Structure formats: structure tokens, C-alpha cells
Amino acid sequence: MALDIGLVGRQESIRCLDGVIASARAGSGAALLLRGDPGVGKSALLAAAERRAGGFRVLRSAGSEFEAELPFAGLHQLCAPELDRLAALPPVPRRALEAAFGLADVIPDLFAIGVGVLELLGAAGRERPLLCVVDDAHWLDDASARVLSFVARRIGSESIAVLLAARMSGRTAALDTLPVVEVHGLDDADARALLAAGAPGSLDDRVRERILAEARGNPLALLELPRNGVMAGGFAVPDEYPVTAAIERGFRARLLALPAAHRLLLTIASADPTGDTGLLWSAVDSAGLDPSVAADTGGLADFDVRVRFCHPLARSVVYRAADPEQRRAAHGWLADATDEITDPDRRAWHRALACAGPDDEVAAELEVVAGRAETRGGVAAAAAFLARAAALTRDPDRRVDRILTAVRARLAAGAVAAAADLLATVDEGRLDVARRARVDQLHGRLAFARDADGAGPAFMLRAAHRLAAADPRRSRAYFLDALEMALEVGRATGVMDMVLEAARAAPPAPPPSGASDALLDAMLSLSAGDHRTATALLRPMLSEGAAEMWTERPALGVMLAAELWDIDAHARLTAQLLRVGRESGSLPLLRLGLTQVATAAVHRGDLDAAAAAIAEEEAVADAFGAAPHLYPRLHLAALRGRRAELAALADAVRAAARQRGEEHLLANVHWATAISCNAVGEYAAALDAARRATAHRALFVAGISLAELVEAAVRSGEPAAARIASAELTERAAAAGTAWSLGVAAAARALVSDAEDDYRESLVHLDAAPLLPSRARARLRYGEWLRRQGRRKEAREQLRAAHESLSDIGMAAFARRAAAELRATGESVRSRTKPTYDQLTMQELHIARLVATGATSKEVAAQLFLSPRTVDAHLRNIFRKLGVTSRRQLRTLPDLVPNSDT
């Protein structure tokens, strides 16, 4: 049996590949990322996997250095053979894919694109198993990499195998959560076997040893070095070059041995990584070349249905071996051959690479396609277009403006290192004050984006101070930008005080005041404890119809709405967050929106809705390999009275706070702990936790924690502490003026005053608000007070209502407390605790509830970014755990369907 030289020494890697293929063949999709140095055999392993996947349909794609910034270029290459299935997809993912691939002029939703690709590939995989092969994944554009990572993490119930290969040092952040096999050089015995199999004839011993020493186990080097005669005679002087350079030198030697026309053809082909022969031959025609030269390319490339180079390194060698004038000419011919209607981005990119110097026309075209790329979710592409546009811009000020815009786009795409490199090209000494302030602000954003860099606030404040005299209004806006960034990245602790102290000392903006001026004034008033002034300034900004002003500062908007106890404004801003997050494909915005949905649902007492939002946020985070947000889980566990779960979550949050400096999360831990301890009568512990929560001075959490502090202090025999906290809470509530704030403050004040009027007032306000937990707890306290007054009949009325409400909400610990109070009045109590379905994971429970309401597997899949087959697999687990056998039986289970009378 002939030796397969591509598999020498690769038994373990092949075993892993076979495992992925076998799993997909059995209907359990799997993915694998091969990582290794150039020439180490990653491409050979992918080719071997294709040969071993008998009966599979194979889809191929390859990342390209020249298209690494074109949004969805790699994904389109992979999916192109299956696009005839688009019409059969549900409308939302179909439109999203059409937008991503330039077939429709709409803004795509990155998550809908992921679901669409999953549907597209899943449909193909149901006909016959599917193998998706992606080489040079380190050159994938960011949008494609994120979607492929999403898909690879969601194919567990599909007959799909996804195999990717990337360089060890390549940019693969979006793929790093996938299972990885590292491919290393061969050991000495395998290297000798491969050299013997690949080298024609016999080798002189000295030559053999020299090749083995130089190759260092790299398979491609072992095959290429003898082929190119670089060790002839064994007398060559040892060169100090890495293995990759030796391989590239071999490819270069083969290239230089070809006639000029053949080399030019290969150069044009190397400049177009799509491998589209129709485009290539059109460009070749423009170059005046005879297509027949493709018959002899020294084995470097094949020209069949698609252009395929013998190895990714060969393409790179060919491109770089051409002189700059030839490369520019190649891109020019390709630009002329590219349709400006159907593929304007690629045409503009080729035109840009064809420029020998500044060209304002091409720069302007790049700026246009940058805007289009950004609306398609290609923020990284927009940054690349803008950076190239800057390089082609003649006017120095215009060039700097484009660079700074590109830096901001790269930051938005998460390319922190690339943003820093681009920003470093700006000569700050030649800038005017306004541009120097923009540079400082971007340095601040860069620092905020780096977990270990605490210089962000200082840079942002320097930017604001630079403009204090020349442009005070813009200066004040920079203070707000610093606050927003601190909230977005979870470093509000300390930063807010620092920023506001600096803002307080800055000169005021000239009249007339704008929205940003009023917002900063409101923040300054809040920090000074003047809630009445702050509320008067903020209320118009949070009114219905004013949501758009928060587009640039969504985190600040939702936190201020919560600070004002304005549940309606909070809902409007949260809805906007979700819309913008879905439309832009922004993972942080979407996740922030979902966590705010969960938090609001907890306060409304709709714990099912809170669990659903948490499950969706976790699905989004998991789909892209991120850790889920923990604070909405803290809120939910606290109200449910699940103390063991709460303790575990608190430990996780503390660890995250220590690791990433997210100190503001600790305020949520302390608040949740105070609620949990108050529920079971551990008032000393509740008082300690509530004091810690208020000490953080976090927006909203500090205010609502005062209510827990009052209750814990009264029950712990610390009336002075209770009076102080109650007075502050009453002041905050009066400023906010909402039914929720006034009701919570009155309920807390009643504990201090021991006055029935305060208890009654709290219920009047809370009966007008949709915040069921606050209302139920107020009734519980009033009932407890009535029982202590000996008014048992009235106490039973309040306690019965509290017990029913707390039980219906699912606040088990508080419900038990209400039951105990009812028994103390002489009334027997039936347990009304809702079924918890604790045997299900949160995602399984969410799926079960969706299906119980009549949702199809496809509808559930779209909401949770899963494939329908994965939903069906979850349903089988749900049926087994709940002891049912059908969707219809799910609908009969008590309290599984929200608002069910069952």
C-alpha cells in the first residue's frame, strides 16, 4: 500500500478528524480548529479529511489576507453553492443572508445571519452529511469568523462537520472557543519517512541530514527543499532563516523559472482570492494575456472551475514576488472586471490597491463603501476602508479625520491592537486642539477596552480639559462619554466620582444649553445628592419620544431611568437597546438590552419573563463564546429565595470583580444578599449587606437598597440607622415622584414610624404600579403590623393577599414568611408555591414554556439562535425529565404556560 505522505506522523490528528466526521455522520455535528505554523500540514489534514468523509457533501472556503476586511466574504465563499436554498428559508433569516451577501439592500441582523446559515447548512445536511472546510481561517473577515463560530457552536443536532485551519499566531479571537488540535512538526523518525517518500531518487547523506536539520519536522519544508534543489551537494552555507522562509524560497524559485506572461497570470490570480475564473479571465483579457499560459504554472496553481493554488503560502509568495507596479496593475484589471452594482465593496477595494499615490476620488468611494459596510454589520470592514481612504487622502486634516474615524470603528469591532497601531500613526504635535482632544478620547477608549489598563479616565478627562476653553459644550460631552464608557465596560466604581469632580470644576457651556449640557448637570446634581434638581432635568429626556437621544449613551440612559424609578422609560430605552443591538449585530448592546429586560421583569414580578430573557442572553453569549452576565441571575435567585444558588452566583461575581475590576457588580451581590436575608429573618446579615450595597453609590442599586437597609435596621434594633436610611429614601422617592418610588418609600417609612397611615399610603401608590413584588412585600409588612396590633381579622386579609401574590410570583422565601404569619393569626394555610421545574436547565425551561404556548421548533430556534433539530433534541430531554411524551402534554402542566388557568 502506497504511503500517504500527507498523513505521515499524523495518527492522532487524523483520529480527531475522524471523530468529528463520524459524529456528523451520526447526526451529532461537531467542529474542530487545527492550529499550527505555516507548512506544518494543516491544509494536508483538511484534504485528508475530505477524502475520508465518504458520502459527505463538501463546502470549501479560505480566508485571504486581501479580503480580511470585506464583510462576509469568507462566509459567502462557503455558502455560495447552497444559495439556491435561500427561498426555502423563513423570511427573517432569508432577508438577513440576502443582506449579508449583497442580494438585498437592508440592514442585516448578525444573529439572524447566524440562524440563516445554520438553517441553510442544516437543510443541506439533512439530505446528506455536510463537511465545511475553511483553510487560512486566520485571514477570515471578522463578520464571517463570528458567524462561523456561532454556527460551529450550534450544530450539535445536525449532520454537519466544520473543520477550520489557522496559523498558530493568526488572528482567531472569534474562533478561540472552538475545540482545538495543535499541529506540530514531525518527530525525527516520521520526518525521515516523509523525506524518503517525497524525495525522488536517493539523497546524499549529508544533504539528507542538512534538510532534516533545516526543516525541523515541517512537512512542507521536507517536501519542498529537495524538490527545489536548495541543498544540492550538501555544501551550501547554512542560512539563518525560519522554516517558512525556506518554503517560500522554494515556491519563489519555481515562480521565477516561469516565463513573464505566466508569472503575470499568477499575479492576477493571487490578487483575487475568490478564485472566480469568470472574473479572472476578464481581467486577463484586459491585461492582454493569452489564457493558454494557464496550462503551465510550475504546479503552483490549477485553473479549473475555480482557481486553486497548491498551498496558501504559494499564493502569498506569488503576490509578494511581483513588483508593486505589477500588483497595482493586477488590482486595476480586477477592479475593471468587477461589477460595480453587484459587488461595489470589492471593486472599491481593488481600486484602492491599484493606486500608486493619493487619490481623492478613490478615497471618497472608500468612505461611501465604509458606510455601507457598517450598516451590513461589517464594522471591521468599515475601519479598513476608512484607513485605506486616509492613506489615499491628500489634505492632511481630512486624512487625520479619516484615521480617527477608522480607529473608532476598529474599537467598535473589538480590534483593540489594530486600533492602537493606527492611532499611533497620527502625529499629535501637528494637530489643532479639537483633533488632539479626539486623539486623547480615543486613547481613553483604548484604555477602557484593555482590562488591565486603568488610564482610560485620565485620557478622557484630558480630552475634556483640552476643549474646556475652545469648545466647552464638546468638552462637557466628553465627560459624558467617559461615564458611558465606564458603565459599558463595567468600571463605574470610582470613575464616576472622578469624572464628575472634574466636570464640576470645568467652565459651564454658553447658552443656549443643549441636551448634553442638561444631562451632565443632572449627573452633577445626582452626585451632590440633589435628586430633585436632577429629576427635573432628566424627566424631559426620559419622556416618551425622547429615546433617540440615548442612541450614543444607552448604558447611561437605562441606568438613569432606573435611578428615577421610571419603569416605563426604562422599558422604552430597553426596547431601543434591543432594536439597535439586533440591527447592528452589536453583541454588547444586545446583551445589555436582554439583561435590562430580565432586571425589569424581576421587579415586575414576572419571573418567567426574567428567566426567558436570561436564557436568551446566555444563548447569545454562548453562541459567541462569551461569559453570560450574572447580575440578572442574582436578582432572580434573590427573589425566588434560592439561597444556595445565590451564594454560588455571588462567589462567581466576586471572582469576576477581582479579575476584571468590575466593582459595581458587588453592589448587586450585596443588594441581592440583603433581600435574601430579610426574607428569612436574618436581619443582622441583611443590614450588613444593605450597608455595603448603598456604600457603592451605584445608580439605582444604592437607592433601592435603602429599603432593605430600613427593614433590616428596624428588625435588628438599630432605629437611628433606619431613620437615616428612610429619610434618604423618602427624599429620593419624592424627587422621582413615581408610584413605585413613593410606594416603596412609604412602606419603609412605616417600619420606622409605626404609623398605619404610612402602611396604607404605600399600598395606594403600589396598587397603581405594575411592581408586584414591592406591592406584595408591602402587604406582608402591613399584615405583620396588624397582627402585632391584635387586629387579626384585618391582618388575615392583608397576609392572605400577600401570601397568594408571593406564591404566584414564585417568591418562595417571602411566601413562607407570609404563611407563618397567617398561621400565627390562627388560619390554616395551603401551600400555593408554583412548580419550579428545577430539574430543567434555564434554557430547557424557556424552550418548554415557548413550546407549551404553541411555538414551533423553528420559531424557538430563531429566538434562541439554535437550529430546529437542536430544539427538538432539547425537547426530548425535557420530555424525559418531566415524564411527558408530547408537546400537547406540556400544555397541561401547571404554571408552565404563563397566565394559564390550568
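**Aromatic contacts and unusual backbone angles**

Y782 is buried, its relative accessible area being 3%. The model in which this residue is described is a predicted one. W785 is likewise buried, at a relative accessible area of 6%. Y782 and W785 both belong to helix α38, which covers residues 772–788, and they are three residues apart, or about one turn of the helix. Their rings form a stacked aromatic pair, with 6.3 Å from centre to centre and 25 degrees between the planes. The pair is classed as stacked because planes under 30 degrees apart fall into that category.

The count of aromatic pairs in the model comes to nine. One of these joins W565 and W740 in an edge-to-face arrangement, with a centre-to-centre distance of 5.1 Å and an angle of 80 degrees between the planes. W565 is located in the loop between α26 (554–563) and α27 (567–584), whereas W740 is in helix α36, so this pair ties together parts that are 175 residues apart in sequence. Both W565 and W740 are buried. These two tryptophans also belong to one aromatic cluster, which is formed by W565, W671, F700 and W740.

A further contact with an aromatic ring involves a charged side chain. The charged end of R327 sits over the ring of Y319, at 5.3 Å from the centre of that ring. This distance satisfies the distance part of the criterion, because CZ of Arg must be within 6 Å of the ring centre.

The backbone also deserves attention. Most residues other than glycine have a negative phi. Which phi value does D136 have? D136 has a positive phi of about 50 degrees, although it is not a glycine. This aspartate is found in the loop between β3 (130–135) and α6 (142–152). D136 counts as buried because its relative accessibility is 12%, and buried means under 20%.

A second aspartate, D754, also has a positive phi, in this case near 60 degrees, and it too is a residue other than glycine. D754 is found in the loop between α36 (739–753) and α37 (756–767). Is D754 buried, partly exposed or exposed? With a relative accessible area of 43%, D754 is partly exposed. Helix α36, which precedes the loop of D754, is also the helix that holds W740. The reader who follows α36 in the structure can thus find W740, the edge-to-face partner of W565, and then the loop that contains D754.

Key:
Residues numbered from 1 in each chain as written. Predicted model: local features only at pLDDT ≥ 70, side-chain atom pairs only at ≥ 80, totals over all residues. Heavy atoms only, no water. Helix = DSSP H or I, 4+ residues; strand = E, 2+ residues; numbered from the N terminus. Buried < 20%, exposed > 50% of the residue type's maximum accessible area, 1.4 Å probe, protein only. Phe/Tyr/Trp six-rings, centres within 6.5 Å; stacked < 30°, edge-to-face > 60°. Lys NZ or Arg CZ within 6 Å of the ring centre and 35° of its normal.
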